[in-house]
Amino acid sequence: MTKPSLPELLHAAVTAVGGTERPGQVAMTEAVAGAIDDNSHLLVQAGTGTGKSLGYLVPALAHGERVVVATATLALQRQLVERDLPRTVEALHPLLRRRPEFAMLKGRSNYLCLHRLHEGVPQEEEDGLFDQFEAAAPTSKLGQDLLRMRDWADETETGDRDDLTPGVSDRAWGQVSVSSRECLGASKCAYGAECFAEAARERAKLADVVVTNHALLAIDAIEGAPVLPQHEVLIVDEAHELVSRVTGVATGELSPGQVNRAVRRAAKLVNEKTADALQTAAESFERIMELALPGRLVEIPEDLGYALMALRDAARNVISAIGSTRDKSVQDEDAVRKQALAAVESVHGVAERIANGSEYDVVWFERHDRYGASLRVAPLSVSGLLREKLFSERSVVLTSATLKLGGDFNGVGASLGLSPEGTEGEDVPVWKGLDVGSPFDYPKQGILYVARQLATPGREGSRGDMMDELSELVEAAGGRTLGLFSSMRAAKAAAEELRGRLDMPILLQGEETLGELIKNFAADPKTCLFGTLSLWQGVDVPGPSCQLVVMDRIPFPRPDDPLMSARQKAVEEAGGNGFMAVAATHAALLMAQGAGRLVRASGDRGVVAVLDPRLANARYGSYLRASLPDFWYTTDRNQVRRSLSAINAAAEAEGK
C-alpha cells in the first residue's frame, strides 16, 4: 500500500474536527513536514483561525518518531489532549495503519502525592508529621477541600490537579503535593507503585506525542537531568511566551520567610551547633532585608555579601549533617529529611549563586505589600541557553499568532538565540521563518485608530483627555469594549471614572475570577471588561460582545523594571539599539497579542483604539504598527466614532 500523502492526511483530520482546510494551514503543514524531514528549524506565524494545531499535529503524527509539543497555557494543553489529538488520531488511524499514542506530562508538583495524602505533611515546629485532615477544621474551606481531595484520590486515574473540578487553593494543594526535590523517589516510597507522577512519566515514555508545558521544557533544558523522554521533534506552540517562561524557571529567590522555614525544617535533624549557625545566618539576612529598598543591585553591598556567604556556608554544613543524623523521635524520617533537604538546598543554591556573582546574572530587591522583601536573581539573557539546549539534536518548530515583529522574524529569533535568518556557519542553527497569514480579511474587518490628538502619556498623573476619549469611544460602541491597560492602577481609575459617566456595566479584573469575568463579558454585549496583562493574551470572545479593543498606552516595560532595563543596557554596551531590541520588542509582542483579541471569527467587525499618540508620531511607531494585524488605519476621531456607531447599530439590528 502506498504511503498516504500529506494533503490526504490533513483533509481527513480537518474533516474529523468539522472544519475546512485553509490555505495557510496547508502551507504550514507542508513547511512543518519539510523541517522535520530536513532536521532543520522553523518559526511559523499562523494567525487566529488558521487551525495551527492541526497544522503541526498532522505532520508530527505522520512522521512516526516521538514528538514533544510544549504549550504555555493550560487551556491549549487541554484542547490538544481532550479534543484535537483524539479526533486527529482517530481520523489518521485508517490511513497510517497505526494508532499513535499521546500523553500529557507536567512537573511533579502538579500531581497528587499519595504519600503526603496518607502519611501527612512534615510539620515544622514539632517532630515528625501531622495529619493535615485532623489539623484543618472540617467546616473550614481548607478542611472541606482536603476531604474532597481524599475522596477524589480514590476515583482519579491521573491525580492531575487540573482534572480536579472545582479546583482548590494553592494552600490546599500544597498539603497533598510535593516538588521533585521533596519526592522520596518511587523505589523508597511506600506508594511508589501507585504514584500518579511516575505513571504519567511511564505513559510519556510509551507515547508518540507528549504534550507538556514551557516550564517543564525549561527545567529539562536547564537542570541537565532529563525529565522529558527522548524525542526527535520539538514543537513549541505559543512560542512568543517561551523566553519569559524560561527566564521564570531560571530565576532564583531568597526571602526571610523561606530561609526561616528551612531553619525550622532542619533544626531537628542536625546537631545544635550546626542548626544554630544556620539560625544566626538567617537572622543576619533578615535584618538586612528589613531595610532593603526595591531596585537593581549592580554590585552586592558588603553587608549583604557577608550575610549571603554565611547563609551559603551554614546551609552547606546542614546539608552534609542531615545525611548522618538519626533522631529516634522523628516519625517517617525519610520524608521529613527529604523536605528539610529540599528547603536548605534551595537556600544554599540561591545564596551561592548571588554571592559568587556573575556578569550574566541580574540581582535585585523586590518588595511585596503582603510578603515583604525578597532578593531575586535572573539570567541577563536566556538566548545562549536556548541556542545550546533547544536547537541541538532535534528539529524544532516554533509557532504562534505573533512571531513576526516589525516585518520580520529576526527580533524573536535573536531572543531565542538564533542568528539572523539565512546566516550560515559552524554551530549556527539553520532556520527559516514563514508567515502563513490569516483567514481573516483584516482591512475589511477591523480599523486601527490612533488618538493622535491626545497628550503623550507621562509616567504618573491622571489623563483627563484620555478618559474623555475613552468614554466617547465606549459610548459610540454601545459597550462591547475590552479595555487593555498598562497597569492595574490605570485600569481601576478608568473603571471608576466610566462607571460614574456611563450607564453600562464595567467589569474590572480582580473583582471576580478571570474565567467568571470573561464569561459575563461575553454574555452581555453592553458590558465592558477592563484589566491588565492576562487580558492582553487570554481573552477569546468572538462575536458582538467585543467590538472595541482599547489600549491606554504602548505597553513598554516600566523604566524601573530591573531585568528589562539591565537587558536593554547590555544590548547598548554591545553596540546595539537596546530600546528597540528590548523595550520595543516587548511592546510589539504585547500589542500584537492585544490587537488579536478583536477579530476571532470571520464575521467579527470592530476597532482597535490606541490612546497613545506615540504610535502615530514617534519614530518607532511604524515598527509597532507593522507588528499588528493589517487593519485599516486612521487617526480621524470622528470617522472612528461613526464607524463604531454603525457597527453597534448593525449588531443591535440583528438582536445582538
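**Notes on the predicted model: one loop glycine, two sheets, two helix pairs**

1. Let's start with a single residue. Gly-576 sits in the loop that runs between α23 (562–573) and α24 (578–595). Keep in mind as you look around that this is a predicted model. Is Gly-576 buried, exposed or partly exposed? Its relative accessibility is 36%, so it counts as partly exposed. For a sense of distance, take Leu-85: Gly-576 is 491 residues away from Leu-85 in sequence, and their C-alpha atoms are 43 Å apart in space.

2. Next, the parallel sheet. This one is open and has seven strands, which you can trace in the order β3-β6-β2-β7-β12-β1-β13, with parallel pairing. At the edges you'll find β3 (102–104) and β13 (431–435), each of which pairs on one side only. Going from one strand to the next, the twist averages 15 degrees.

3. Zoom in on one edge of that sheet. Strand β1 (residues 41–45) runs parallel to β13, and five bridges join the two. If you want a residue pair to click on, Leu-42 has Lys-432 in β13 as its bridge partner.

4. A helix lies over part of this sheet too. Which strands does helix α4 lie across? Helix α4 (residues 74–96) crosses over β2 (67–71), β3 and β6 (209–213), and it runs at about 165 degrees to β6.

5. Now the antiparallel sheet. As general background, strands in a sheet pair through backbone hydrogen bonds, and the pairing can be parallel or antiparallel. Here, four strands make an open sheet in the order β8-β11-β10-β9, and the pairing is antiparallel. The edges are β8 (252–254) and β9 (295–296), each pairing on one side only.

6. Look at how β8 is held in place in that order. Three bridges link β8 with strand β11 (residues 372–379), in the antiparallel sense. Within this pairing, Leu-254 stands opposite Leu-375 in β11. Helix α13 packs on the sheet as well, where it touches β8, β10 (361–368) and β11, and its direction is at about 95 degrees to that of β11.

7. Helix α13 also has a helix partner. The axes of α13 (residues 272–290) and α14 (residues 302–322) come within 9 Å and cross at roughly 155 degrees. That angle is why α13 counts as roughly antiparallel to α14. The crossing of α13 past α14 is left-handed. On the α13 side, the contact residues include Ala-277, Leu-278, Ala-281 and Phe-285, while those of α14 include Leu-304, Ala-307, Leu-311 and Val-318. What is the make-up of this contact by class? It comes to 15 nonpolar residues, two polar and one charged.

8. Last, a second helix pair. Helix α19 (residues 464–477) packs against helix α20 (residues 488–501) at an angle of about 60 degrees, and their axes are 10 Å apart. The two helices are therefore oblique to each other, and their crossing is right-handed. From α19 come Met-467, Asp-468, Leu-470, Ser-471 and Val-474; they meet Ala-493, Ala-494, Glu-497, Leu-498 and Arg-501 of α20. By class, that contact has six nonpolar residues, one polar and three charged.

Notes. Residues are numbered from 1 along each chain as its sequence is written. This is a predicted model: local features need pLDDT of at least 70, side-chain atom pairs count only at pLDDT 80 or more; totals for chains, interfaces and linings use all residues. Side-chain values use heavy atoms; hydrogens and water are left out. Axes are lines fitted to C-alpha atoms, for helices over the stretch in contact, and angles run from 0 to 180 degrees between N-to-C directions. Angles under 35 degrees count as roughly parallel, over 145 as roughly antiparallel, 65 to 115 as roughly perpendicular and the rest as oblique. A crossing is left-handed if the near helix is turned anticlockwise from the far one by less than a right angle, and right-handed if clockwise. Contact means heavy atoms within 4.5 Å. Ala, Val, Leu, Ile, Met, Phe, Trp, Tyr, Cys and Pro count as nonpolar, Asp, Glu, Lys and Arg as charged, and the others, Gly among them, as polar. Two strands pair if DSSP finds at least two bridges between them. Buried means under 20% relative accessible area, exposed over 50%, partly exposed in between (1.4 Å probe, protein chains only).
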